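Work through the following exercises with the sequence and the 3D structure open beside you. Try each task on your own before you read its solution.

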Amino acid sequence: MKILVTGGAGFIGSNFIHHILLKYPEHEVVNLDLLTYAGNLENVKRWEGDGRYRFVKGDITDAGTVDPLVAEADAVIHFAAESHVDRSILDPEAFIRTNVIGTYVLLEAARKNGLKRFHHVSTDEVFGSLGQGDAPFDEHTPYDPRSPYSASKASSDHLVRAYHETYGLPVTISNCSNNYGPYHFPEKLIPLAITNLLEGGTVPVYGDGLQVRDWLHVEDHCRAIADILERGTIGETYCIGGNGERPNIWIVKKLLEILGEGEDRIEYVKDRPGHDRRYAIDFSKIRNELGWEPSVDLEEGLRKTVAWYRDNEDWWKRVKSGEYRDYYERQYGK
Ligand code: NAD
Ligand code: TYD
């Protein structure tokens, strides 16, 4: 199978490329990525020169780039997005452009070229915010996005479903909880905390730190997407969770413990505007239909992630200094 991965230089997309190329020797991958600040080709450098892998630098909002790539693909796995809530609050425009228009451009190319499979990677944030005692999100939860990021992802989900209902496009959608693991860009809570602590700094905790997220190890997420691609039902949505519901302050204290640091490294800062209080996922559907469930225990996953950042200091130091951005030019020229 020839798979077009969008956003394969980002956190989850690059982990997915590793997963597919290592686990499925018969699959080929084309990685289409614009290399925004979040795209880092160093994440996938081990595949350079491999006959089953090709990188294309390009924008998913550009039909001229997207069309021929979709035409030659058997499946599209769509990760490319602006993904950071705080950035969407400061400047929503790129979120509308990439997440809404980019998804539309890909869907149009898929429709015109009779694509056999389109999988859309989305988030649990489209469902809004839960109270402490509320039942977790599932595939029937009404949409209630509350940030420009989640609103743009909600729009893209609606477009994907509309292309299935209207044009019969063979789509699947997954809405997952917060991922963590290797190659996570250090603007998000877990890699920011780990790298700040390794550098001797502090961890900014928004508000009271009691907001709850459900943490899913990225390898479990990638396996779930591969299972949906193989055995998922066309037209269906799958919620993917990690069995890892914890308040932010628990995560930060656990990282302090793993790294042998004290609570003086916590810095409580002003809260995020419109900060969603709690996300939680009921993943019974994918467990019952596809036999998937998360395999990485959260504490164990956090230890492994800390070890990865310790072992890959070069990687995150180059990200934090901005040096990672030269990589494309050095490999591929201007
Ligand atoms: P990321 O920000 O790490 O990576 C996004 C990638 O998309 C980058 O490589 C970037 O260069 C690329 N990109 C951005 N705009 C583009 C454009 N116009 N054209 C081509 N490429 C472009 O994101 P991530 O954390 O890997 O998330 C991947 C997907 O998973 C996103 O759709 C996100 O909404 C979804 N998701 C993420 C999480 C999470 O916890 N990280 C949770 C749920 C869902
Ligand atoms: P983040 O990793 O940005 O993911 P999302 O907003 O998509 O859930 O944030 C995870 C949680 O951690 C969220 O409740 C916001 C909080 N947070 C902090 O407390 N401090 C930080 O520096 C960051 C980046 C996030």
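**Exercise 1.** Find how many residues surround ligand 1 in this predicted model, and name the closest.

*Solution.* Begin by collecting each residue that has a heavy atom within 4 Å of the ligand. In this predicted model, that search gives 29 residues around ligand 1, and the closest are I12, D33, S83, Y149 and K153. Next, sort the shell by class, which yields 13 nonpolar, twelve polar and four charged residues.

**Exercise 2.** Determine which helices and strands each supply at least two residues of the shell around ligand 1.

*Solution.* Go along the chain and note the elements in turn: they are the helices α1 (11-23), α4 (93-112) and α5 (148-167), together with the strands β5 (117-123) and β7 (178-180). Then ask which of them gives the largest share, and the answer is β5, with three residues.

**Exercise 3.** Locate polar atoms of I12, D33 and K153 that lie within 3.5 Å of an oxygen atom of ligand 1, and state whether each belongs to the backbone or to the side chain.

*Solution.* Take I12 to start with, where a polar backbone atom is 2.7 Å from an oxygen atom of ligand 1. Turn then to D33, which places a polar side-chain atom 2.5 Å from an oxygen atom of the ligand. Finally, K153 likewise uses a polar side-chain atom, and here the distance to a ligand oxygen is 2.6 Å. To complete the step, consider the surface of the ligand: taken alone, ligand 1 exposes 830 Å², and the protein buries 97% of that area.

**Exercise 4.** Identify the pocket whose space ligand 1 takes, and describe its lining.

*Solution.* The space taken by ligand 1 is the largest pocket, whose volume is about 1100 Å³. Its lining consists of 50 residues, and those nearest the centre are S83, H84, Y149, H184 and K188. Sorted by class, this lining holds 21 nonpolar, 18 polar and eleven charged residues.

**Exercise 5.** Describe the second largest pocket by its volume, its lining and the helix that gives the most to that lining.

*Solution.* The volume comes out at about 200 Å³. Counting the lining gives 13 residues, of which E42, K45, Y183, N312 and W315 lie nearest the centre of this pocket. Helix α11 (residues 313-321) gives the most to the lining, with three residues. As a last step, divide the lining of the second largest pocket by class, which leaves five nonpolar, three polar and five charged residues.

Note on methods. Residues are numbered from 1 along each chain as its sequence is written. Chains are lettered from A and ligands numbered from 1 in the order in which they are written. This is a predicted model: local features need pLDDT of at least 70, side-chain atom pairs count only at pLDDT 80 or more; totals for chains, interfaces and linings use all residues. Side-chain values use heavy atoms; hydrogens and water are left out. On a 1 Å grid over the protein atoms alone, a cavity is a set of points where a 1.4 Å probe fits but cannot get out, and a pocket is an open set with protein on both sides within 12 Å along at least five of seven lines; lining residues have an atom within 4 Å of a point. Grid points are joined across faces, edges and corners, and a volume is the space filled by probe spheres set on the points. Ala, Val, Leu, Ile, Met, Phe, Trp, Tyr, Cys and Pro count as nonpolar, Asp, Glu, Lys and Arg as charged, and the others, Gly among them, as polar. Helices (H or I, at least four residues) and strands (E, at least two) are DSSP runs, numbered from the N terminus. A polar contact is a pair of N or O atoms within 3.5 Å; within protein, one must be able to donate a hydrogen and the other to accept it, and residues adjacent in sequence count only if both atoms are side-chain atoms. Accessible areas come from the Shrake-Rupley method with a 1.4 Å probe; for residues, only the protein chains shown count as cover. A molecule sits in a cavity or pocket if more than half of its atoms lie within 2 Å of its grid points.
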